[in-house]
There are 2 protein chains.
Amino acid sequence: MGKATISDISRSLIEIVWYFGPKGLNGECCKNLTMPEFIALDKISTTTNCAVQDVGYSLGFTKSGATRIVNRLEKKGYVQKIKSHEDARICCVEITKSGERVLSSANSRYVEQFHTIAAKMSDHSLTDTVEVLKAMAKALKG
Amino acid sequence: MGKATISDISRSLIEIVWYFGPKGLNGECCKNLTMPEFIALDKISTTTNCAVQDVGYSLGFTKSGATRIVNRLEKKGYVQKIKSHEDARICCVEITKSGERVLSSANSRYVEQFHTIAAKMSDHSLTDTVEVLKAMAKALKG
DNA sequence: AATTATAGTTGACATCGTCAACCGAATGGA
DNA sequence: TCCATTCGGTTGACGATGTCAACTATAATT
């Protein structure tokens, strides 16, 4: 038996990340929406005049990768690209009605998954758990 | 401006997952080790007579995918495959010295990243945060 | 002994993101 | 004003990664 080389916190974090990440949840947050698409769609829905590159920034993709993921979302009918009036180089990406439905549905499913897990954490209240995760997410940006 | 369609907890969880996941941390937990490889290596290092499929199970991969990731690790010199004596169909995957070094190094880097974030969470002690994450990881398996 | 189940491998394939080269539009200094 | 540069976006070629289905070999069952 090899000794357990990695620490508890690493393993816990990785398990969480793997479970809620791109490969977990059957590889899709929602029917027809991968995790990066989920993130992109959220970014688009909360950003006015969202340029293609803005999507790339929030995902850590190159501008090429940004174009590709936006195109995929467009093909699925969840967003549309509109040339900016102020600057003709920029494409403003906007979420469609269909996109909003899918985003909302993905969110529900994601939250539901989280609640299922949180319900099993007998030593921690849902509120506490949520607070820690929110604080952690906030710390990522600081 | 589209209304923010998704809930805080979804967004927080996703941000964490994205940051500590396959795409975050420069796409590699450690030089020359992707996130699935990290997980596989940990599984291998803590499992006696680890079959190729066992690696697949812990990642949620098909047996084909398991073969491929083990082969990749073997090519990098981090594991070796040994035919089982009891059952000639089974390949026991074992971590090498080099593999242990890399795993340990990836772990350090991962823990360090976590501590950097945790240090910024002024409202939550490191201990509390760790406890919540451990409990959450445990709940995933229950 | 013949059938069936299991572990693993492999070829063909789809997905996805990067890199580098490119286009067109904006901008700024001579 | 003209030209060089910068900037947003797109595209072709590519590499990485995982699945599916077909296959081999070994074990277990009947």
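User: Is Asn49(B) buried or exposed?
Analyst: Asn49(B) is exposed, with a relative accessible area of 53%; exposed means over 50%, buried under 20% and partly exposed in between, with a 1.4 Å probe and the protein chains only. This is a predicted model, in which local features need pLDDT of at least 70 and side-chain atom pairs count only at pLDDT 80 or more, while totals for chains, interfaces and linings use all residues. Residues are numbered from 1 along each chain as its sequence is written, chains are lettered from A and ligands numbered from 1 in the order in which they are written, and side-chain values use heavy atoms, with hydrogens and water left out.

User: Where is the place of Asn49(B) in chain B?
Analyst: Asn49(B) sits in the loop between H2 and strand S1 (50–51) of chain B. Helices (H or I, at least four residues) and strands (E, at least two) are DSSP runs, numbered from the N terminus.

User: And what does Asn49(B) touch, not counting residues up to four places away in sequence?
Analyst: With those residues set aside, Asn49(B) touches Asp54(B) and Cys92(B); contact means heavy atoms within 4.5 Å. Its C-alpha atom is also 7.9 Å from that of Ser84(B), 35 residues apart along the chain.

User: Glu37(B) next. Buried or exposed?
Analyst: Glu37(B), in helix H2 of chain B, is buried, at a relative accessible area of 2%.

User: What does the side chain of Glu37(B) reach?
Analyst: The side chain of Glu37(B) reaches the backbone nitrogen of Thr34(B) at 3.0 Å. A polar contact is a pair of N or O atoms within 3.5 Å; within protein, one must be able to donate a hydrogen and the other to accept it, and residues adjacent in sequence count only if both atoms are side-chain atoms. Leaving aside neighbours within four places in sequence, Glu37(B) is in contact with Asn32(B), Ile69(B), Arg72(B), Leu73(B) and Lys76(B).

User: On to the DNA. Which residues around DNA strand C come nearest?
Analyst: There are 24 residues around DNA strand C, and Ser64(A), Arg68(A), Gln53(B), Lys63(B) and Lys81(B) come nearest. A residue is near a strand or molecule if one of its heavy atoms lies within 4 Å of it.

User: Which side chain is 2.5 Å from a base oxygen of DNA strand C?
Analyst: An N or O atom in the side chain of Arg68(A) is 2.5 Å from a base oxygen of DNA strand C. A polar side-chain atom of Ser64(B) lies 2.9 Å from a base oxygen of that strand, and for Arg89(B) the distance from a side-chain N or O atom to a base oxygen is 3.0 Å. Helix H4 (63–75) of chain A, together with helix H3 (52–59) and helix H4 (63–75) of chain B, are the elements that give two or more residues to this surface.

User: How many nonpolar, polar and charged residues has the surface near DNA strand C?
Analyst: By class, the surface near DNA strand C has seven nonpolar, eight polar and nine charged residues. Ala, Val, Leu, Ile, Met, Phe, Trp, Tyr, Cys and Pro count as nonpolar, Asp, Glu, Lys and Arg as charged, and the others, Gly among them, as polar.

User: Which residues come nearest to DNA strand D?
Analyst: Of the 24 residues around DNA strand D, those are Gln53(A), Lys63(A), Ser64(B), Arg68(B) and Arg72(B). Sugar and phosphate make up 61% of the strand D atoms within 4 Å of the protein. A side-chain N or O atom of Ser64(B) is 2.6 Å from a base nitrogen of strand D, and one of Arg89(A) is 3.1 Å from a base oxygen.

User: Changing topic: what volume has the largest pocket?
Analyst: Its volume is about 460 Å³. On a 1 Å grid over the protein atoms alone, a pocket is an open set of points where a 1.4 Å probe fits, with protein on both sides within 12 Å along at least five of seven lines; lining residues have an atom within 4 Å of a point. Grid points are joined across faces, edges and corners, and a volume is the space filled by probe spheres set on the points.

User: Which residues lie nearest the centre of the largest pocket?
Analyst: Ile39(A), Ser58(A), Leu59(A), Glu15(B) and Trp18(B) lie nearest, out of 21 lining residues. H1(B) gives the most to this lining, with five residues.
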